[in-house]
Amino acid sequence: MGDNMNKQESVNDPIFGRMEYDHSWSKKQAVNWWGEQEVLVEITAQAYNGDDITDLQRESYVEYSGNINNLSLKSKEKLCDFAKIFYDKEYSGTEITNILKPRTVLFHRDGTWGILFDSEYDIENGVALYKNKHGEIIVGTQDDFL
């Protein structure tokens with residue numbers, strides 16, 4: 001067997017920066033979520049069979065990067081409402097920041113994107129905060145977004 005069998009491809013994208021390919025293009029990035037300490041998340045540009053990153057994904061990443069601080073602060077209420085409506089769990093904005101842990105920011109090929117959270121109240125499905133095709137910011141399960 002050659003040494004190249006398990007070697008990941010990499011690219012230095014003009015917008016995303018250095019990305020490695022393993023089922024999708026990805027990199028680790030520190031994000032200041034909810035104006036608190038930085039969290040290490042996986043930034044992922046969905047790709048099939050090593051396809052290039054699309055211009056729609058680049059545009060979405062620029063939008064996400066420029067708005068993440070504002071979005072993270074404004075999302076607390078939506079995330080609390082989601083927990084109350086679908087799980088009958090009532091949390092304050094401060095509590096929700098301890099319960100939901102951002103893990104991955106995924107950029108679909110069509111330009112939609114979402115933040116996938118590990119959730120203490122839904123360990124199996126997790127929670128997603130995502131921008132749909134209509135430009136709306138939605139909260140749902142990770143399956144809703146994926």
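The questions and answers below go through the confidence, sheet, core and aromatic pairs of a predicted model.

Residues are numbered from 1 along each chain as its sequence is written, and side-chain values use heavy atoms, without hydrogens and water. In this predicted model local features need pLDDT of at least 70 and side-chain atom pairs count only at pLDDT 80 or more, while totals for chains, interfaces and linings use all residues.

User: Over which residues is the pLDDT below 50?
Analyst: pLDDT is the predictor's confidence in each residue, from 0 to 100. The chain has a mean of 90, and 95% of its residues reach 70 or more. One stretch has a pLDDT below 50 and, beyond near neighbours in sequence, zero contacts in the model (contact means heavy atoms within 4.5 Å). That stretch is residues 1-7.

User: Which strands stand at the edges of the sheet?
Analyst: Helices (H or I, at least four residues) and strands (E, at least two) are DSSP runs numbered from the N terminus, and two strands pair if DSSP finds at least two bridges between them. The open sheet has eight strands in the order S1-S2-S3-S4-S5-S6-S7-S8, with mixed pairing. An edge strand has a single partner strand, so one side of it is left without a neighbour in the sheet. The edge strands are S1 (9-13) and S8 (137-141).

User: By what average angle are neighbouring strands of this sheet turned against each other?
Analyst: Axes are lines fitted to C-alpha atoms, for helices over the stretch in contact, and angles run from 0 to 180 degrees between N-to-C directions. For neighbouring strands of this sheet direction is ignored, and the average is 25°.

User: Which residue stands opposite valine 11 in S2?
Analyst: S1 and S2 form a hairpin with three residues between them. Five bridges join these two strands, which run antiparallel. The residue opposite valine 11 is methionine 19.

User: Which residue takes a positive phi in the hairpin of S2 and S3?
Analyst: S2 and S3 pair in the antiparallel sense over two bridges, and tyrosine 21 has tryptophan 25 in S3 as its bridge partner. The hairpin has two residues between the strands. The positive phi, near 80°, belongs to histidine 23.

User: Do S4 and S5 run parallel or antiparallel?
Analyst: Strands of a sheet pair through backbone hydrogen bonds, either parallel or antiparallel. Four bridges join S4 to S5, and glutamate 42 has threonine 104 in S5 as its bridge partner. The two strands run parallel.

User: Which residue in the turn between S5 and S6 has a positive phi?
Analyst: Seven bridges join S5 to S6, which run antiparallel. Leucine 100 stands opposite serine 119, and phenylalanine 107 stands opposite tryptophan 113. The strands form a hairpin with five residues between them, and the residue with a positive phi of about 95° is glycine 111.

User: Which element gives the most residues to the largest nonpolar core?
Analyst: A nonpolar core is a set of buried Ala, Val, Leu, Ile, Met, Phe, Trp, Tyr and Cys residues joined through side-chain atoms within 4.5 Å; buried means under 20% relative accessible area, exposed over 50%, partly exposed in between (1.4 Å probe, protein chains only). Tyr64, Ile115 and Phe117 touch the most other members among its 32 residues. Elements giving two or more residues include strand S3 (24-32), helix H1 (55-87) and strand S6 (113-119). The most, eight residues, come from H1.

User: How do the rings of tyrosine 61 and tyrosine 64 pair: stacked, edge-to-face or tilted?
Analyst: Rings of Phe, Tyr and Trp (its six-membered ring) pair if their centres lie within 6.5 Å; planes under 30 degrees apart count as stacked, over 60 as edge-to-face and the rest as tilted. Both tyrosines lie in helix H1, three residues apart, and both are buried, tyrosine 61 at 7% and tyrosine 64 at 2% relative accessibility. Their ring centres are 6.2 Å apart with 35° between the planes, so the pair is tilted.

User: Which residues form one aromatic cluster with Tyr61 and Tyr64?
Analyst: A search of the whole structure finds 16 aromatic pairs. The cluster that holds Tyr61 and Tyr64 also takes in Phe16, Phe107 and Trp113.

User: Is threonine 141 buried or exposed?
Analyst: Threonine 141 lies in strand S8. Beyond four places in sequence, threonine 141 touches residues including Phe82, Tyr87 and Val127. Its relative accessibility is 15%, so threonine 141 counts as buried.
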